[in-house]
Amino acid sequence: MREAVPIIDNASGELVDADIFDEVTLAHFIETQAEWRPIVLAAARALSQKPNQGILIPRHFHWDWTRKEAELKLLAVRFYGVAYEGQLQGIMKVETVAHTCRLPEQQGKPLVYIDYIEVAPWNIKVLMTAMGQPQRFRAVGTRLFEAAVQQSLEEDFRGRLGLHALPGSEGFYINECGMTPVGRDPHKENLLWCEFTPEQAERYLSGE
């Protein structure tokens, strides 16, 4: 799968066509380590040295996508990437068998689980602000989230999604995406479990 999706050029405010694809390879993982991680670490270091800014350090600053190479061949795992002019802007891993629904009204039903989702550091406003630079693109994470919803529909899961939200992303998933916060998971670093119902997925995709 490869298709054009709109993301926002932050400098101009204009929409530009990026590519979303699921033919993610080890080369993409290596790209995140070579191009993303040095910037993330530099920004995290800058934030840690500013009074009261350490809480803004993203929890994903230590992620290493190359460790997931073996999962590229698993049928129950799918990776998505978003690229603009050949440069990777975001990446996501989803699973279809690891988790089931926890909301009472859909308890135990299958869902698509977003295990990891990350956008390039130059697309994260708080990181770029710490570096004294402007954010490059917006809506990359949104396009990846939409791909997960579409996969849920393709799998006949009716749009049901689940994920453990990192602290800095809880507002995005609840307020922007409309997910339901179910509760904190003591088995997953006490992260907040959020879930999408079919009705929420339908409203989200329709833009309501």
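What is the handedness of the crossing of α3 and α5? The crossing is left-handed. A crossing takes this label if the near helix is turned anticlockwise from the far one by less than a right angle, and it is right-handed if clockwise. The model is predicted, so local features need pLDDT of at least 70 and side-chain atom pairs count only at pLDDT 80 or more, while totals for chains, interfaces and linings use all residues. Residues are numbered from 1 along each chain as its sequence is written, and side-chain values use heavy atoms, with hydrogens and water left out.

Helix α3 spans residues 140-154 and helix α5 spans residues 198-206. Helices (H or I, at least four residues) and strands (E, at least two) are DSSP runs, numbered from the N terminus. The two helices pack at an angle of about 130°, and their axes lie 11 Å apart. Axes are lines fitted to C-alpha atoms, for helices over the stretch in contact, and angles run from 0 to 180 degrees between N-to-C directions. Helices α3 and α5 are therefore oblique to each other. Angles under 35 degrees count as roughly parallel, over 145 as roughly antiparallel, 65 to 115 as roughly perpendicular, and the rest as oblique. On the α3 side, the contact involves Thr142, Phe145, Glu146, Val149, Gln150 and Leu153. Their partners in α5 are Ala201, Tyr204 and Leu205. By class, this contact has six nonpolar, two polar and one charged residues. Contact means heavy atoms within 4.5 Å. Ala, Val, Leu, Ile, Met, Phe, Trp, Tyr, Cys and Pro count as nonpolar, Asp, Glu, Lys and Arg as charged, and the others, Gly among them, as polar.

Both ends of α3 are flanked by loops that hold a residue with positive phi. Most residues other than glycine have a negative phi. Ala139 has a phi near 80°. This residue sits in the loop between β6 (137-138) and α3. Ala139 is partly exposed, at a relative accessible area of 22%. Buried means under 20% relative accessible area, exposed over 50%, and partly exposed in between (1.4 Å probe, protein chains only). Asp156 has a phi near 65°. Its place is the loop between α3 and β7 (161-165). Asp156 is exposed, with 65% relative accessibility.

The cysteines were examined next. A disulfide is a covalent bond between the sulfur atoms of two cysteines. It is assigned here to a pair of cysteine sulfur atoms within 2.5 Å. The count by this rule is zero. Cys101 is in no disulfide, and the nearest cysteine sulfur, that of Cys194, is 13 Å away. Cys101 is buried, with a relative accessible area of 1%. Cys194 is in no disulfide either. For Cys194, the nearest cysteine sulfur belongs to Cys177, at 9.4 Å. Cys194 is buried as well, at 0% relative accessibility.

Two charged residues are buried. Arg37 lies in helix α1 (residues 26-48). Its relative accessible area is 6%. Arg37 and Ala120 are 83 residues apart in sequence, and their C-alpha atoms are 8.9 Å apart. Glu118 belongs to strand β5 (residues 112-119). Its relative accessibility is 2%. The C-alpha atoms of Glu118 and Ile91 are separated by 5.5 Å, with their positions 27 residues apart along the chain counted as separation.

Glu3 and Val97 complete the description. Glu3 lies in strand β1 (residues 2-9). Glu3 is partly exposed, with a relative accessible area of 44%. Leaving aside residues up to four places away in sequence, Glu3 touches Ala18, Asp19 and Ile20. Glu3 and Val82 are 79 residues apart in sequence and 9.8 Å apart in space, C-alpha to C-alpha. Val97 occupies the loop between β4 (87-95) and β5. Val97 is exposed, with a relative accessible area of 65%. Its C-alpha atom is 7.9 Å from that of Leu111, 14 residues apart along the chain.
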